[in-house]
Each structure stands twice: as C-alpha cells, then as structure tokens.
Amino acid sequence: MAKPGPSSAKPLSVLLSDVFSDAYAKQGFAARELVTRWTEIIGAELAAHCEPLKMQWPRPVEGQPQEPATLVLRVEGPMALEIQHASDVILERVNRFFGWSAVSRLALRQGPLSRRERPRPSPPPDPRQVEQIAQTLTSVEDEALRAALARLGATIKRN
C-alpha cells in the first residue's frame, strides 16, 4: 500500500486572496492594503472615526495622464467636521502610502463604522521573573539588550 504524500493544505488567506482582490477592485481600490492597513496609514486617532469605502476614478481621456481619484470615506456623524478639517493630512498620508498622487480629494459619507474588535494588549511580564532571567544573561554586555531579552524570556515562560 502506498504511503500518502505530504499534506498540501493552503492557508485560507491564500485561497481567498483572489476573491478579496476582486471585491476591493470593484470598489476602486487598486490594493486592498489601503483598507486592511488603514490605521497604520492615517494614524489611530483619525482611523478611529473614519474608514475607506471606495475610490472613484475619473474616466481616462485618451492621450491625457490619469487624473487622481476621489477617496470616499465613511465617517461617524459628529466627527465629520473634524475629518473634513484633517482632509489635507489624510490626503498626504494616503498619497505617501501609494508613493504618488493617487488621491486628490475626499468625499465624506456619514454613517456608523464597521467596528472591528481590536486585540487587547497582553499584560507586561512579571518583574520578578524578568529579574531572575536577567541574572542568567551575564554574558550579554549591552544593558538594553539584556533587559529586552529578559522581558522576552519572561513573556515566553508565561505563555
């Protein structure tokens, strides 16, 4: 009887990447990273009150360079005025992410945001455990590196 071959299971993200890419493309997003990395791109303070809905690209004119898009954002009602005042900052950060002037203006749509549960930060390691591990790292000369390794070791032992 033949031995079964190695398992060729693929991560779900790999299998669904084409599906998600198509869905984002229908909303005008050239790259889904604008949606998935929104907090990193514009900052946590602004991202807490707005999220990208779609990008509206103007129809290309033959012989002319592509015009920049309009980024449509969903904004919580009371924060719409704040986001409008921060539009220059948002445009700068989005265009810096793309590496070119991809977006020239924002359009705001008021509505509730789709809240995603953010993971809670894990508690810091026990200071006594960190100190015990730091005492075993006498061969490490750099004090900052020794402290970082001790915290890492205590966290690993805790988990």
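1. Leu-73 and its partners. In this predicted model, Leu-73 has Leu-108 as its bridge partner in β3. Leu-73, in β2, is also the bridge partner of Pro-52. Another bridge into β2 sets Met-55 opposite Leu-71.

2. The sheet. Strands of a sheet pair through backbone hydrogen bonds, and the pairing is either parallel or antiparallel. Here three strands form an open sheet in the order β1-β2-β3, and the pairing is mixed. β1 and β2 are antiparallel, with six bridges between them, while β2 and β3 run parallel and are joined by seven bridges. β1 and β3 are the edge strands, each pairing on one side only. On average, neighbouring strands of the sheet are turned by 30 degrees against each other, direction ignored.

3. The helix on the sheet. α6 packs on the sheet and touches β1, β2 and β3. The direction of α6 makes about 125 degrees with that of β3.

4. The strand β2. How many of the seven residues of β2 are buried? Six are, so β2 is largely enclosed by the rest of the structure. Thr-70 belongs to this strand. Thr-70 has a relative accessible area of 10%, which is under the 20% limit, and therefore counts as buried. Beyond its neighbours within four places in sequence, Thr-70 is in contact with Lys-54, Met-55 and Gln-56, and also with Arg-105, Leu-106 and Ala-107.

5. Leu-91. This residue lies in helix α6. Leu-91 is buried, because its relative accessibility is 14% and the limit is 20%. If residues up to four places away in sequence are not counted, Leu-91 touches Val-103, Ser-104, Arg-105 and Leu-106. For one of these, Arg-105, the C-alpha atom is separated from that of Leu-91 by 7.1 Å, although the two residues are 14 apart along the chain.

6. The largest nonpolar core. This core has 22 residues. Which of them touch the most other members? They are Trp-38, Ile-42, Leu-71, Leu-73, Ile-90 and Val-94. At least two residues of the core come from each of α3 (38–42), α4 (44–47), β1, β2, α5 (80–85), α6 and β3. A second core, separate from this one, has seven residues, among them Val-130, Ile-133, Ala-134 and Val-140.

7. Trp-38. Leaving aside neighbours within four places in sequence, the contacts of Trp-38 include Leu-71, Leu-73, Ile-90 and Val-94. Trp-38 is also in contact with Glu-33, Gly-43, Ala-47, Cys-50, Glu-51 and Pro-52. Pro-52 thus appears twice in this note, since it is also the residue whose bridge partner in β2 is Leu-73.8. Aromatic pairs. A pair of aromatic rings is described by the distance of the centres and the angle of the planes. The whole structure holds two such pairs. In one of them, the ring centres of Trp-57 and Trp-100 are 6.2 Å apart and the planes stand at 20 degrees, so the pair is stacked. Trp-57 sits in the loop between β1 (50–56) and β2 (69–75), and Trp-100 in the loop between α6 (87–98) and β3 (103–110). The two are 43 residues apart, and the pair links distant parts of the chain.

9. Exposure of the aromatic residues. Are Trp-57 and Trp-100 buried or exposed? Trp-57 is partly exposed, with a relative accessibility of 31%. Trp-100 also counts as partly exposed, at 44%. Phe-97 and Phe-98 form an edge-to-face pair, with 5.5 Å from centre to centre and 65 degrees between the planes. Phe-97 is partly exposed as well, at a relative accessible area of 27%.

10. The protein overall. The protein has eight helices and three strands, in the order α-α-α-α-β-β-α-α-β-α-α from the N terminus. Of its 159 residues, 29% are buried. Among contacts in the protein with a separation of 6 or more, 58% are between residues 24 or more positions apart. The exposed area of the protein is about 11,900 Å², and carbon and sulfur atoms supply 54% of it.

Methods: Residues numbered from 1 in each chain as written. Predicted model: local features only at pLDDT ≥ 70, side-chain atom pairs only at ≥ 80, totals over all residues. Heavy atoms only, no water. Helix = DSSP H or I, 4+ residues; strand = E, 2+ residues; numbered from the N terminus. Buried < 20%, exposed > 50% of the residue type's maximum accessible area, 1.4 Å probe, protein only. Contact = heavy atoms within 4.5 Å. Areas by Shrake-Rupley, 256 points an atom, 1.4 Å probe, with all protein chains shown as cover. Phe/Tyr/Trp six-rings, centres within 6.5 Å; stacked < 30°, edge-to-face > 60°. Core = buried A, V, L, I, M, F, W, Y, C linked by side-chain atoms within 4.5 Å. Pairing = 2+ DSSP bridges. Axes fitted to C-alpha atoms, helices over the stretch in contact; angles between N-to-C directions.
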